[in-house]
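Dear colleague,

I am handing over the structure below, and I would be grateful if you could look through it before we discuss it. My notes on what was found follow directly after it.

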Amino acid sequence: MSFVRGLKCKECGQEYPKEALYVCEYCFGPLEVEYDYAAVAGQISRDVIARRPQNLWRYRELLPLDGDPTDGLNSGFTPLVRADKLARVLGVRELWIKNDGVNFPTLSYKDRVVPVAMSKAKELGFDTVGCASTGNLANSVSAHGAKAGLRRFLFIPHDLELGKVVGSLIYQPTLVAVNGNYDDVNRLCSEIASKYRWAFVNVNMRPYYTEGAKTYGFEVAEQLGWRTPDHLVCPVAGGTILPKIYKAFQEFERMELIGPVRTRIFAAQAATCAPVVRAMHSGQDFVPPVKPAPLSESVDTSLRIGNPADGPYVLEALRETGGWADMATNDEIVDAIRLLAATEGIWTETAGGTTLAVTRKLIAAGKIDPNGSTVVCITGNGLKTIEAVQHRIGAPMQIAASLKSFEQVVLGGGASERAAAGVAG
Ligand SMILES: *Cc1c(COP(=O)(O)O)cnc(C)c1O
Ligand SMILES: [Zn+2]
């Protein structure tokens with residue numbers, strides 16, 4: 001049974017059928033999925049959701065399929081970890097890490113949006129999928145598409161990190177490195193999507209794709225015991241996930257699954273590419289595009305989108321919730337990655353470092369109340385961005401394969417006698 005009414009322009013309200021459409025013919029606004037909320041309210045409850053398998057489809061009445069899901073049956077429902085050690089360092093009372101760095105199977109939040117877009121693409125009769133990606137999205141489309149047996153054309157900027165390139169190629173898609181930055185790649189994909197009948201998950205399937213991001217917010221609310229936090233800090237690239245977390249909270253409130261939402265939502269970007277932060281700081285309600293700093297000067301590459309498609313909706317969510325936005329320097333990002341690893345045992349990629357670094361700044365600036373609860377959105381895994389930290393974490397101690405060498409080098413001067421005494425005693 002489907003609760004999807006159709007698509008609707010976010011700007012002018014014009015209605016469209018539930019097809020592979022994404023832009024309004026009248027005003028060029030983005031299209032969004034419309035649900036029959038009255039019908040959904042009669043179907044879901046905390047108990048119904050809690051009894052379902054722990055994957056992203058446990059909220060299926062609020063996701064845009066007409067039939068049963070076919071992809072992502074092991075994706076989503078990632079850990080929400082209480083981070084007391086990190087909280088002490090940051091000087092706050094209640095801190096949580098929502099860790100999509102262990103999302104299945106490609107270790108980023110993209111394993112939520114891709115199964116939703118892909119299941120929908122199959123419903124609409126597509127046999128070929130594609131995407132424009134800064135890396136993680138291509139990994140996810142590549143893996144989920146392999147499992148689904150779909151043809152895959154993936155487009156990335158030519159200069160991505162090795163981990164993200166290999167992380168797509170391993171699943172044997174057609175991977176195309178475009179000589180340009182992400183914004184060039186995205187433009188090219190729009191042209192291809194209008195000429196070929198392929199489902200580009202984040203272009204012509206975008207209304208469905210973005211709905212998948214709500215599951216991150218649904219899970220936060222459910223895992224906190226059916227409530228939302230006082231503050232939530234979220235990274236911004238194309239601007240999909242942040243407004244969709246807000247929408248998820250609002251939908252749960254509307255379905256009476258949670259009480260009134262009072263969460264302040266905050267946006268995090270890297271100083272090397274911060275169009276949304278700059279727009280927020282200068283009081284604009286649109287996002288003037290920026291040219292990202294060269295790759296060689298940018299630690300954070302996942303969020304490196306100079307012209308975010310959903311930027312205005314990020315600004316709207318920040319303003320409506322009383323939140324704010326800030327950016328982190330390369331050094332702050334690397335420090336935050338190391339801090340999260342050393343305190344909570346979680347290794348995140350650069351986007352997560354950016355988000356935690358910005359959280360620290362917001363606490364220091366008094367924008368986050370240390371007595372309230374805060375969720376930090378960790379959206380990707382550190383294994384994919386080894387380059388960012390490899391020269392900043394020291395090296396192994398080198399020894400010969402002997403006890404003598406171990407005691408001299410590792411335990412150091414005098415330590416061998418103490419160790420010997422300990423063994424003898
Ligand atoms: C894609 C991505 C984001 C956010 O992207 P949006 O387009 O703003 O939703 C955040 N973190 C990581 C690791 C990502 O791959
Ligand atoms: Zn319109």
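Please keep in mind throughout that this is a predicted model. I begin with a cysteine at the metal site: Cys-27 has a relative accessibility of 32%, and because this value falls between 20% and 50%, the residue counts as partly exposed. Cys-24, by contrast, has a relative accessibility of 1% and therefore counts as buried.

Both of these residues belong to the site of the zinc ion (ligand 2), which is coordinated at 2.3 Å by the SG atoms of Cys-9, Cys-12, Cys-24 and Cys-27. Along the chain, the donors of this zinc ion follow the spacing C-x2-C-x11-C-x2-C. As for the geometry, the 4 donor atoms subtend angles of 97 to 117° around the zinc ion, and because these angles lie between 85 and 135 degrees, the arrangement counts as tetrahedral.

Turning to ligand 1, the protein surrounds it with 15 residues, and the closest of them are Tyr-109, Lys-110, Ala-237, Gly-238 and Thr-379. When this shell is sorted by class, it comprises 7 nonpolar, 6 polar and 2 charged residues.

Several backbone atoms make polar contacts with oxygen atoms of ligand 1, and you may wish to inspect these individually. A polar backbone atom of Gly-239 is 2.8 Å from an oxygen atom of the ligand, a backbone N or O atom of Thr-240 lies 3.3 Å from an oxygen atom of ligand 1, and for a backbone N or O atom of Ile-241 the corresponding distance is 2.9 Å. Ligand 1 exposes 380 Å² when taken alone, and the protein buries 96% of that area.

Finally, I looked at cysteine pairing, where the structure holds 0 disulfides. For Cys-131, which is in no disulfide, the nearest cysteine sulfur is that of Cys-189, at a distance of 7.2 Å. Cys-131 has 0% relative accessibility and so counts as buried, the cut-off being under 20%. Cys-377 is likewise in no disulfide, and the nearest cysteine sulfur to it, that of Cys-234, is 4.4 Å away; since a disulfide requires sulfur atoms within 2.5 Å, this pair does not count as one. Cys-377 also has 0% relative accessibility, and therefore it too counts as buried.

With best regards

Technical notes: Residues are numbered from 1 along each chain as its sequence is written. Chains are lettered from A and ligands numbered from 1 in the order in which they are written. This is a predicted model: local features need pLDDT of at least 70, side-chain atom pairs count only at pLDDT 80 or more; totals for chains, interfaces and linings use all residues. Side-chain values use heavy atoms; hydrogens and water are left out. A residue is near a molecule or strand if one of its heavy atoms lies within 4 Å of it. A polar contact is a pair of N or O atoms within 3.5 Å; within protein, one must be able to donate a hydrogen and the other to accept it, and residues adjacent in sequence count only if both atoms are side-chain atoms. Accessible areas come from the Shrake-Rupley method with a 1.4 Å probe; for residues, only the protein chains shown count as cover. Ala, Val, Leu, Ile, Met, Phe, Trp, Tyr, Cys and Pro count as nonpolar, Asp, Glu, Lys and Arg as charged, and the others, Gly among them, as polar. Buried means under 20% relative accessible area, exposed over 50%, partly exposed in between (1.4 Å probe, protein chains only). Donors are N, O and S atoms within 2.8 Å of the metal (3.2 Å for Na, K and Ca); water is not among the atoms, so sites may look incomplete. Four donors count as tetrahedral if all angles lie between 85 and 135 degrees; four count as square planar and six as octahedral if opposite donors are over 155 degrees apart and all others between 65 and 115; anything else is irregular.
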